[in-house]
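This briefing concerns the structure shown below. Selected local features are set out by topic.

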Amino acid sequence: MEDKGLETVLKGISGSPGICIGQAYLVDREGVDVVEKYNVPPDSIREEVNRFKSAVKKAEDELIEVIEELPEELHHHLTILESHLALFKDKMLYERAIDAIREECINAEWALKKVATRAKAMFLDIADPYLQGRVDDIVQVSDRIMMNLVGVEAVNIGNIDKRVVLVAKDLTPADTSRIQLERVKGFITDRGGKTSHTSIIARTLELPSVMGLGNVSALVKNDDIIIVDGNDGLVIIDPSDETLLEYEAKKHRYELRRANIKRRSKIPATTMDGVTIKLMGNIELAEEIVSVMDNGGEGIGLFRTEFQYLSRSHFPTEDELYEQYREVAELIFPESVVIRTLDINGDKALAYVRDNDEENPALGLRAIRFCLQRPDVFMTQLRAVLRAAAFGNVRVMFPMISGVEEVLEAKKLLKEAASQLEAEGIPYSENFEIGIMIEVPSAVVMAERLAEEVDFFSIGTNDLTQYTLAIDRGNRKVAHLYNSLHPAVLRMIKQVVEVGKKHDVRVCICGEMASEPANMPILLGLELGELSMTPQSLPVVKEMLRGLSFSEARKFAAKILEETSISGVTSMMESFVYPEENENGTPRT
């Protein structure tokens with residue numbers, strides 16, 4: 001927190017980009033955080049369990065009502081709300097709370113608080129931001145049940161009748177979906193982050209938001225003037241006149257630039273000298289497809305399939321997986337979707353899988369290793385992918401490949417899954433490309449041989465950087481050393497691209513490196529023909545690429561590859577991208 005005179009500046013996490021200025025409106029949720037513990041007499045246990053079940057039923061009914069009233073423009077977010085609905089009866093919360101009431105003879109409120117705290121603890125030490133976002137789901141569902149237990153009325157955000165900035169400890173996806181855009185300018189919360197479901201809906205609504213602010217709901221009073229800077233993750237309480245003028249101008253410039261870029265988002269990413277780069281979106285949920293299409297994406301370059309495994313207390317069935325994959329394939333058709341097979345363990349451990357307690361999970365039984373050791377789980381997913389492939393342009397991709405043997409074994413199981421479906425008379429298609437993630441240094445070394453077995457490579461720069469530099473991204477002591485612009489990482493990318501050209505294997509980057517517009521000169525110069533990124537990055541990355549020359553970028557990349565330090569690479573990139581800006585703010589090359 002920073003004080004500038006009377007104004008207070010808070011740094012949080014950008015939930016959704018944009019800038020707004022307005023009066024604060026506190027969404028009061030008192031009564032949920034503090035609950036009393038007391039013992040329940042044995043002869044009253046049944047009544048206490050029924051009280052808990054009634055609170056869950058009421059919470060379910062409230063959410064069903066929200067789902068039924070969901071505006072047309074948010075129908076593609078149904079899965080998010082339905083996942084919350086499923087959590088009401090999830091074993092991790094529902095059954096364990098009832099067990100605690102019965103076994104410990106405690107009141108329903110305390111039992112719920114105890115099991116929710118335990119469930120949260122399972123995720124809190126995980127470095128992966130996507131999984132940290134699932135903590136919000138647990139908290140939000142338990143809060144809704146708790147409000148019914150303690151008799152607190154839920155706030156209906158849809159009833160707010162003035163132009164305000166919402167301030168809350170947390171907002172659920174259900175809350176966010178009820179926001180009236182003509183009344184709410186943006187929102188800020190104590191909890192949450194960029195990958196939370198609330199954040200995903202906020203980005204769809206294009207509402208500026210900052211999350212994970214800690215105690216902002218205690219600092220702000222109703223009608224305080226606040227500035228929400230969703231671009232930089234800043235909140236300014238009681239800004240000075242000078243700051244207000246500064247941010248009014250910032251807001252105007254941002255909206256003009258964004259409108260201009262958005263208008264051009266459907267134009268291909270073709271460089272000044274006529275080279276077109278294919279830009280696709282990374283998604284975790286089917287609901288995000290709309291954002292990919294709205295932002296000019298040309299398909300799904302990475303469909304992370306972990307959510308269906310992580311948001312439950314048991315492995316999903318083949319039909320459940322098939323329905324999700326088919327929906328994505330049909331929605332994005334005729335463009336393609338790359339379905340990455342299950343990438344769990346490491347920092348994405350499943351609570352319901354035994355023996356996953358490893359001393360060094362990042363180097364343990366994760367991703368393709370887990371799948372090959374659990375062919376029963378893998379075959380279920382492969383069958384679902386084959387069935388969905390009959391309804392769209394599907395590609396399948398295996399993660400964390402470290403050698404040829406893993407690819408051969410995975411392809412063998414894929415063929416076996418097809419044989420099973422054929423024998424059972426179930427419609428499917430084998431007419432799709434097979435690819436692998438290049439995210440382990442051994443895969444780079446073996447790229448020549450791996451290219452003989454697959455149709456495409458997708459470079460996962462997040463893990464490739466981590467494994468190449470021997471840096472744990474979640475370790476605060478060394479996280480500052482993590483940088484995808486390290487000369488070793490850039491040379492590995494170049495090596496993979498050269499192998500791809502030689503063997504006619506397409507190469508894509510799907511890591512976070514592809515979402516940063518400033519990285520485009522080097523990625524274009526390294527001759528990447530495909531990039532996949534967060535949907536919101538697509539328009540800005542396209543704009544950057546359209547202002548670059550491929551031939552100049554190639555010369556620039558050749559010079560960059562001679563650098564031996566990150567600082568040298570960064571300095572060269574800054575001088576290339578920002579030598580001066582022309583009158584409309586677009587960097588010259």
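Is Asp223 buried, partly exposed or exposed? With a relative accessibility of 40%, Asp223 counts as partly exposed, because that class runs between the 20% limit for buried residues and the 50% limit for exposed ones. The model is a predicted one, and the points below cover its backbone features, a run of paired strands, one helix contact and several salt bridges.

**Backbone features**

- Asp223 is not a glycine, yet its phi is positive, at about 75 degrees. This residue belongs to the loop that lies between α8 (216–219) and β8 (225–229).
- Asp504 likewise is not a glycine and has a positive phi, here of about 60 degrees. The loop between α19 (487–503) and β17 (506–509) contains Asp504. Its relative accessible area is 71%, so Asp504 is classed as exposed.
- The peptide bond between Phe333 and Pro334 is cis, with omega at about 10 degrees. Pro334 sits in the loop between α12 (318–332) and β13 (336–340).

**Strands around β12**

- Strand β12 (residues 300–304) is mostly covered, as four of its five residues are buried.
- Strand β11 (residues 276–283) runs parallel to β12 and is joined to it by three bridges. Within this pairing, Asn282 stands opposite Leu302 of β12.
- β12 also pairs with β13 in the parallel sense, again over three bridges. Here Ile300 has Val337 in β13 as its bridge partner.

**Contact of α14 with α15**

- The axes of helix α14 (residues 375–388) and helix α15 (residues 404–424) come within 9 Å of each other and cross at roughly 65 degrees. The crossing is right-handed.
- On the α14 side, the contact is formed by Phe378, Met379, Leu382, Arg383, Leu386 and Arg387. On the α15 side, the residues met include Ala410, Leu413, Leu414, Ala417 and Leu421, together with Glu416 and Glu424.
- By class, the residues of this contact comprise ten nonpolar, one polar and four charged.

**Salt bridges**

- Side chains of opposite charge can pair when their charged atoms come close. The whole structure holds 30 salt bridges.
- Glu318 and Arg383 form one salt bridge, with their closest N and O atoms 2.6 Å apart. This pair links distant parts of the chain, since Glu318 belongs to helix α12 and Arg383 to helix α14, 65 residues apart.
- Both partners fall under the 20% limit and therefore count as buried: Glu318 has a relative accessible area of 16%, and Arg383 has one of 9%.
- Glu318 and Arg383 also take part in a network of salt bridges with Asp319, Arg387 and Glu424. Of the network members, Arg383 and Arg387 in α14 and Glu424 in α15 appear in the helix contact described above.
- Glu453 and Arg449 meet through their side chains in a salt bridge, at 3.0 Å from N to O. Glu453 is buried at 17% relative accessibility, whereas Arg449, with a relative accessible area of 32%, is partly exposed.
- Lys494 and Glu527 are joined by a salt bridge of 3.7 Å, N to O. Because Lys494 lies in helix α19 and Glu527 in the loop between α20 (520–525) and β18 (530–533), the pair ties together parts that are 33 residues apart in sequence. Glu527 is partly exposed, with a relative accessible area of 22%.

Note on methods:
Residues are numbered from 1 along each chain as its sequence is written. This is a predicted model: local features need pLDDT of at least 70, side-chain atom pairs count only at pLDDT 80 or more; totals for chains, interfaces and linings use all residues. Side-chain values use heavy atoms; hydrogens and water are left out. Axes are lines fitted to C-alpha atoms, for helices over the stretch in contact, and angles run from 0 to 180 degrees between N-to-C directions. Helices (H or I, at least four residues) and strands (E, at least two) are DSSP runs, numbered from the N terminus. A crossing is left-handed if the near helix is turned anticlockwise from the far one by less than a right angle, and right-handed if clockwise. Contact means heavy atoms within 4.5 Å. Ala, Val, Leu, Ile, Met, Phe, Trp, Tyr, Cys and Pro count as nonpolar, Asp, Glu, Lys and Arg as charged, and the others, Gly among them, as polar. Buried means under 20% relative accessible area, exposed over 50%, partly exposed in between (1.4 Å probe, protein chains only). Two strands pair if DSSP finds at least two bridges between them. A salt bridge is a side-chain nitrogen of Lys or Arg within 4 Å of a carboxyl oxygen of Asp or Glu.
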